[in-house]
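Let's take a walk through this structure together, one stop at a time. Have a look at the picture first, and then we'll get going.

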Amino acid sequence: MTTPPTTDLDEPCALRHQLADQLAEAGHIRTPAVDKAMRTVPRHSFAPEVPVQKAYANDIIATRHSDDGSTISSISAPWLQADMLEAARIRPGRRVLEIGSGGYNAALIAELVGPAGSVTTLDIDPVVTDRTTRFLAQTGYDHVQVVTADAEHLPAGIVPECGFDAILVTAGTWDLPWTDALADGGRLVAPLRLHGYHWAIGFTKGNGVLHSDEPLIVCCFVTMRGDGAWNANRRTVPGTGVHLSWEDGTPMPVDQLAPALTRKPTVAHTHVTVGGQEPFDALTLFLAGALPGFCRLSVDPDGDNRVLNPPPPHWPGAAIVRGTSLARLTTERLSDGDDSNGLYEFVVHSYGPHGHLAAKEMVEQVQHWQRNHRAALCPRITIHPLDSNKSAPATRAPHVFNKRHTRIAIDWPTIPGTAALLTDAEGRYLLHLRSANKPIWRPGHWALTGVRAGSLRG
């Protein structure tokens, strides 16, 4: 549609339609119901602190900060809200729980369920729920139930007898303790934290188990607080400003790595290439399951270390520790490329006396992913409650991660037999050609709020 020029009186409405047009064109809005909701709910009314133009920008709006200045409550980016609402498949008359409140998303859900449905929005912070209650009343959505509680322990009185038809989690969560609160056949959409990244994933509950059936969306959310907060299990290599985190694994000693990091690394080439704007988050998730001792590496920006091409602050690098040695995945620029974003090769930097062996492990797994999984459909994730014996995967099986309440299994489909693998004249792996499957990625499917994921910076 074409939106007419704005005036002071109709500016919020016009901007709202412009935003919906943008989201529909990019593929984030895919159904008439979500389209209507995005065009109806006044987003600016839930963010009166910012100018109306910013309220309708396709970006997050921070609404509450901690004493150290970090954001602890926000209105998510509209593209991500639309994607998650579409993944939830909410229909009229449904009973929906939102975990992580703010008001705007709850109002969108209220539009989707209609007068016959019900919406409960919950947050641990009374300042947030007071604000949510006020804004919902002002915009005509005072029938939404607002609850102040720790989401790790849902108040029994808010869960319907047969469970919620859908649960949307809008705070970054390390685990999914809400399976019992979801009706059989219901949908749960959450930004699940796996090895340092948040992945917005849509699940369907069947026989007490959650099964993913949506593309994974890399995103960034404010973190869960209360008893559901996660432990990064971060260790610092003494005197280096290098930090290693084992969020989904057993932390390993790191003090012995200090001598290794006093020298420049050895570089091992994978001959696997990636475009400057092409996401490769699936590769790091694959490595997390394929490589024992996998961890995330970050560095102090002003630290005195020998880490070449340090990872960006919000995207810690993939690494493994082997005794007194360490290897980490990074990239080297090969060319500018036709799109000005450049072509890069995955390389592995190794440190320490046995770093070359650790690098060889990582190189082999990168090449395995390239040959078998890069062109395949996105991975399927199954969530089993820890207290359930319903076909739960073995604890020591590859690509299985134990959380506090759940066991998470990741299945990596392999490319079909009709797939072809291209290499350049020097033997570097390029992209796959497939005659059987559609591409699993397009711009916007894998993205950080406000920044396209996988962008190579440095």
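Start with two phenylalanines, Phe46 and Phe135, both of which are buried. What you're looking at is a predicted model, and in it these two rings form an edge-to-face aromatic pair, with 6.3 Å from centre to centre and 85 degrees between the planes. Phe46 sits in the loop between H2 and helix H3 (52-55), while Phe135 belongs to helix H6 (residues 126-138), so the pair ties together parts that are 89 residues apart in sequence. The two have company, too: Phe46, Tyr104 and Phe135 make up one aromatic cluster. On top of that, Arg134 lies over the face of Phe135, 4.9 Å from the ring centre.

The structure has 4 aromatic pairs in total. Another of them brings together Phe286 and Trp412: their ring centres are 5.5 Å apart and their planes stand at 90 degrees, so this pair is edge-to-face. Here again distant parts of the chain are linked, with Phe286 in helix H7 and Trp412 in the loop between strand E20 (406-411) and strand E21 (420-423), 126 residues apart. Phe286 and Trp412 are both buried.

Next, the nonpolar interior. In soluble globular proteins, nonpolar side chains tend to be buried together. The largest nonpolar core in this model has 59 residues, and the members that touch the most others are Ile167, Leu176, Trp178, Leu188, Leu194, Leu329 and Ile381. Helix H7 (residues 281-290) supplies the largest share of this core, with 7 residues. To see what one member's surroundings look like, take Ile167: leaving aside residues up to four places away in sequence, Ile167 touches Leu97, Ile99, Trp178, Ala181, Leu182, Arg187, Leu188 and Val189. There's also a second, separate core of 47 residues, which includes Ile29, Ala55, Ala82 and Val189.

Now for the charged side chains, where the count comes to 14 salt bridges. One of them joins Arg225 to Asp125, with the closest N and O atoms 3.0 Å apart. This one spans 100 residues, from Asp125 in the loop between strand E4 (118-123) and H6 to Arg225 in the loop between E10 and E11. Are the two partners buried or exposed? Arg225 is partly exposed, at 30% relative accessible area, whereas Asp125, at 5%, counts as buried.

Arg193 and Glu247 form another bridge, their closest N and O atoms being 2.6 Å apart. Arg193 is in strand E7 (residues 182-194) and Glu247 in the loop between strand E12 (242-245) and E13, so parts 54 residues apart in sequence are tied together. Both Arg193 and Glu247 are buried. For a bridge within one helix, look at Glu364 and Lys360: both lie in helix H8 (residues 355-372), 4 residues apart, or about one turn of the helix. Asp21, Asp35 and Arg39, meanwhile, are linked in a network of salt bridges.

A couple of backbone oddities deserve a glance. Most residues other than glycine have a negative phi. Asn233, though, has a positive one, near 50 degrees, and so does His271, near 65 degrees. Asn233 is in the loop between strand E10 (217-219) and strand E11 (234-237), while His271 lies in strand E13 (residues 266-275).

Finally, how confident is the prediction? The chain averages a pLDDT of 84. Confidence is highest in helix H2 (residues 32-40), at 98, and lowest in strand E23 (residues 447-448), at a mean of 29. Two stretches with pLDDT below 50 are residues 1-9 and residues 431-458.

Note on methods:
Residues numbered from 1 in each chain as written. Predicted model: local features only at pLDDT ≥ 70, side-chain atom pairs only at ≥ 80, totals over all residues. Heavy atoms only, no water. Core = buried A, V, L, I, M, F, W, Y, C linked by side-chain atoms within 4.5 Å. Buried < 20%, exposed > 50% of the residue type's maximum accessible area, 1.4 Å probe, protein only. Helix = DSSP H or I, 4+ residues; strand = E, 2+ residues; numbered from the N terminus. Contact = heavy atoms within 4.5 Å. pLDDT = per-residue confidence, 0-100. Phe/Tyr/Trp six-rings, centres within 6.5 Å; stacked < 30°, edge-to-face > 60°. Lys NZ or Arg CZ within 6 Å of the ring centre and 35° of its normal. Salt bridge = Lys/Arg side-chain N within 4 Å of Asp/Glu carboxyl O.
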